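Please find below my notes on this model, set out as numbered points. They are meant for someone looking at it without prior acquaintance.

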Amino acid sequence: MAAHRLSEKQEKQNKKSGTRDLRSIKGPATLRDVQAAWHFRQRVITDADVVFIRRLVAEHPQASRRELSYLLCQAWNWVQPNGAQRDMVCRGLMLQLHREGHIELPTVRRRPPNPLAERQKPSIVPVDRRPLRGRLAEIRPLEFRSVRRTSEEPLFNSLLEQYHYLGYKQPVGEHLKFLVYAGERPVACFAWSSSAHYLGCRDRFLGWSDQARRKNLHLLAYNPRFLLLPWIEVRYLASHLLARMTRMLSAEWERVYGHPIYFVQTFIDPERYRGTCYRAANWIVLGRTTGRGKNAWSKRPTRPIKEVLGYPLTPRFREALGEV
C-alpha cells in the first residue's frame with residue numbers, strides 16, 4: 001500500500017477529533033504509542049479493535065492470513081452492501097497493522113499470482129464493422145445489456161482495447177459494464193466504477209463533510225470509459241445514450257451491489273475533446289483536476305489536467321450524500 005502524506009488541514013482535524021489515518025503511523029509501536037482511533041478505508045479502528053485482532057490471531061495459530069481475514073470479517077460483520085465479505089480490505093488492514101508492529105501475522109504460506117498486475121490484454125473478438133448511418137429513429141430499438149461476468153464481457157473488453165484511445169483497463173472496486181445494441185450490432189460501450197476518494201471540485205460542489213464523504217462515497221459512480229464505435233454515424237446518438245444510461249444506472253447498481261447511486265462523474269481531456277455529448281446530456285462542469293494524482297508528494301502537476309463533469313441522479317442528491 002502506497003504511503004501518503006497528510007495535509008496540514010487533515011492533521012489538525014485528526015488531532016481535534018482524536019482520530020488518525022493508519023497510513024500516517026510510521027515505525028513499530030505499541031498501543032500506548034497510538035491515539036484512541038484512526039481511519040482505515042472509511043472504517044474507524046480503535047485500540048480495542050487491535051487488541052481483538054491480536055486475540056483472534058492467538059486463538060487460531062494454524063490459520064493462514066487469508067483465513068484470519070475471513071474470521072475477522074465474520075466477527076465484525078464487515079461486509080459490502082450486497083452482503084459479500086470485505087476480505088481483501090480486511091487483509092489490507094491486517095497487513096498494515098503487521099508492518100507497523102501492532103500485530104504479528106503468521107508467515108506467508110504461498111504467493112498466488114496477482115491477476116491485476118499480470119493481467120493480459122483482452123483477446124480480439126471479431127465484430128461487424130460496416131458503417132451504420134441514418135437518423136436516431138431509424139436504428140431503434142436500442143438495447144442496453146449489463147455484460148459483466150457474462151459471455152459478452154470479452155467483446156466489451158475487446159472493443160475498448162481496440163477503439164478507445166485509452167484502451168481497456170480493468171476497473172477496481174464496484175463496477176459495471178454495458179454494451180448497447182442496435183438490433184444484433186453493438187454500437188456503444190459504457191464502463192462504470194467506484195469514484196475517487198478525494199476530488200476537490202466535486203467535493204466542493206456536493207458540499208459534503210469529510211465524515212459524509214467517507215460514509216457515502218460508495219453512492220457515487222465514475223464513468224472511466226464511454227465509447228461510440230467509430231463506424232457508427234448517427235446524429236445525437238451519443239447524448240441520447242448518455243441520458244438513457246444515467247436513468248437506468250442506479251437500479252442496476254442496486255441490483256448488483258445492494259445500494260443505489262446518487263451522483264456520477266467523469267473526466268474529459270480538454271486537449272482532445274470538449275465533452276460535447278456530456279454537455280448535451282446536461283452534465284455539469286464541476287471544475288478541473290490538479291494533475292497531481294492521489295499519491296503525489298509535490299504540488300506540481302505530474303499528469304494531464306482533466307475537466308471534471310458530473311450529473312445528479314436524484315433531485316435531493318446533496319441531502320442524500322450529506323447524511324452522516
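1. In helix 3 of this predicted model, the buried residues are Leu-68, Ser-69, Leu-72, Cys-73 and Trp-76. Because they cover an arc of only 140° around the axis, they sit on the same side of helix 3. A general point applies here: an α-helix has 3.6 residues a turn, so residues three or four places apart point the same way. The cover over the buried residues of helix 3 includes strand 2 (43-46), helix 2 (47-59) and helix 4.

2. As for its dimensions, helix 3 runs over residues 65-76, 12 residues in total. From first C-alpha to last it reaches 16 Å, close to the 16 Å expected at 1.5 Å a residue. Asn-77 follows helix 3 and has a positive phi, near 50°.

3. Helix 4, which is part of that cover, comprises residues 87-99. Its 13 residues reach 18 Å between the first and last C-alpha, close to the 18 Å expected at 1.5 Å a residue. Buried in helix 4 are Asp-87, Val-89, Cys-90, Gly-92, Leu-93, Met-94, Gln-96 and Leu-97. Just after helix 4 comes Gly-101, with a positive phi of about 85°.

4. Which residues touch the most other members of the largest nonpolar core? They are Phe-190, Trp-192 and Leu-249, in a core of 45 residues. Several elements each supply at least two residues of this core, among them strand 4 (142-146), helix 5 (153-163), strand 5 (175-182), strand 6 (185-194) and strand 9 (263-268). Helix 8 (237-257) is also one of these elements, and helix 8 gives the most, with eight residues. A second core, separate from this one, has 20 residues, including Ile-53, Cys-73, Trp-78 and Met-94. In soluble globular proteins, nonpolar side chains tend to be buried together.

5. Not every position in helix 8 is covered. Ala-251 lies in helix 8 and is exposed, since its relative accessible area is 54% and the cut-off for exposed is over 50%. From Ala-251 to Ile-261 there are 10 residues in sequence and 8.1 Å in space, C-alpha to C-alpha.

6. Next, the charged pairs. The count of salt bridges is 13. In one of them, the side chains of Lys-177 and Glu-153 meet at 2.6 Å, N to O. This pair links distant parts of the chain, with Lys-177 in strand 5 and Glu-153 in helix 5, 24 residues apart. Are these two buried or exposed? Lys-177 counts as buried because its relative accessibility is 0%, and Glu-153 counts as buried at 16%.

7. Asp-203 and Arg-202 also form a salt bridge through their side chains, at 2.8 Å, N to O. Both Asp-203 and Arg-202 are buried. Glu-307 and Arg-279 make another, with their closest N and O atoms 2.8 Å apart. This pair too links distant parts of the chain: Glu-307 is in strand 11 (residues 307-312) and Arg-279 in helix 9 (residues 276-280), 28 residues apart. Glu-307 counts as buried at 11% relative accessibility, whereas Arg-279 counts as partly exposed at 31%. In addition, a network of salt bridges links Asp-128, Arg-130 and Arg-185.

8. The last topic is the aromatic rings, for which the whole structure holds 15 pairs. Trp-76 and Trp-78 form a tilted pair, 5.8 Å centre to centre with 45° between the planes. Trp-76 is buried at a relative accessible area of 15%, and Trp-78 counts as buried at 6% relative accessibility. Phe-205 and Phe-317 form a stacked pair, 6.1 Å centre to centre with 15° between the planes. Phe-205 in helix 6 (residues 200-206) and Phe-317 in helix 10 (residues 317-322) are 112 residues apart, and their pair links distant parts of the chain. Phe-205 is partly exposed, with a relative accessible area of 22%, while Phe-317 counts as buried at 7% relative accessibility.

9. Ring pairs also join into a cluster, which links Phe-144, Phe-190, Trp-192, Phe-226, Tyr-278, Trp-283 and Tyr-311. Phe-190 and Trp-192 appear here again, having been named above among the residues that touch the most other members of the largest nonpolar core.

Technical notes:
Residues numbered from 1 in each chain as written. Predicted model: local features only at pLDDT ≥ 70, side-chain atom pairs only at ≥ 80, totals over all residues. Heavy atoms only, no water. Core = buried A, V, L, I, M, F, W, Y, C linked by side-chain atoms within 4.5 Å. Buried < 20%, exposed > 50% of the residue type's maximum accessible area, 1.4 Å probe, protein only. Helix = DSSP H or I, 4+ residues; strand = E, 2+ residues; numbered from the N terminus. Expected span 1.5 Å × (residues − 1). Salt bridge = Lys/Arg side-chain N within 4 Å of Asp/Glu carboxyl O. Arc of directions from axis to C-beta. Contact = heavy atoms within 4.5 Å. Phe/Tyr/Trp six-rings, centres within 6.5 Å; stacked < 30°, edge-to-face > 60°.
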